[in-house]
Amino acid sequence: MWMTFGTKRLAVTLEDNPTARAFVQLLPVTLDMAELNGNEKHARLPRSLVTNAARPGTIRAGDVLLYGSDTLVVFYETLRSDYSYTRIGRIAETTGLAQALGPGNQRVTFAVP
């Protein structure tokens with residue numbers, strides 16, 4: 001899957017799970033992703049997805065996760081978290097990710113090749 005914002009296009013490796021497969025069924029989708037906590041972007045999806053949430057403990061820069069059943073979250077910093085998420089995928093190359101996503105909101109398109 002591709003994640004595109006501004007002039008950047010990043011490859012996202014999808015998990016092999018029902019949530020990732022359901023997410024792919026929404027594609028292509030463009031989301032206005034809001035900034036949160038200086039470490040993530042998030043946006044509500046057009047519909048709820050099946051979940052299998054777990055507490056990851058450590059979230060890594062590049063993780064693409066589902067919070068609840070309808071909020072997509074892209075993390076651009078590594079952090080510890082007690083919140084529960086369902087894994088959707090992971091950005092393959094995270095070098096410069098924090099600078100690329102930058103502060104503030106971003107319009108992001110997710111699509112399959």
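**Salt bridges around Asp63 and elsewhere in the chain**

Asp63 lies in strand β6, where helices (H or I, at least four residues) and strands (E, at least two) are DSSP runs numbered from the N terminus. The structure is a predicted model, in which local features need pLDDT of at least 70 and side-chain atom pairs count only at pLDDT 80 or more, whereas totals for chains, interfaces and linings use all residues. Residues are numbered from 1 along each chain as its sequence is written, and side-chain values use heavy atoms, with hydrogens and water left out.

Side chains of opposite charge can pair when their charged atoms come close. A salt bridge is here a side-chain nitrogen of Lys or Arg within 4 Å of a carboxyl oxygen of Asp or Glu. Six salt bridges are counted by this rule.

Asp63 takes part in one such pair with Arg90, and the closest N and O atoms are 3.0 Å apart. Asp63 lies in strand β6 and Arg90 in strand β9 (residues 86-91), so the salt bridge ties together parts that are 27 residues apart in sequence. The side chains of Asp63 and Arg90 are also joined by a polar contact of 3.0 Å. A polar contact is a pair of N or O atoms within 3.5 Å; within protein, one must be able to donate a hydrogen and the other to accept it, and residues adjacent in sequence count only if both atoms are side-chain atoms.

Asp63 is buried, with a relative accessible area of 3%, while Arg90 is partly exposed at 32%. In these terms, buried means under 20% relative accessible area, exposed over 50%, and partly exposed in between (1.4 Å probe, protein chains only). Asp63, Arg87 and Arg90 are linked in a network of salt bridges. When neighbours within four places in sequence are left aside, the residues in contact with Asp63 are Val73, Val74, Phe75, Arg87, Gly89 and Arg90, contact meaning heavy atoms within 4.5 Å.

A further salt bridge joins Asp70 to Arg44, with 3.4 Å between the closest N and O atoms. This pair links distant parts of the chain, 26 residues apart: Asp70 is in the loop between β6 (63-67) and β7 (71-75), and Arg44 is in strand β4 (residues 40-44). Asp70 counts as buried at 19% relative accessibility, whereas Arg44 counts as exposed at 61%.

Glu35 forms a salt bridge with Lys41, and the closest N and O atoms of the pair are 2.4 Å apart. Here the acidic partner, Glu35, is partly exposed at 22% relative accessibility, and Lys41 is buried, with a relative accessible area of 0%.
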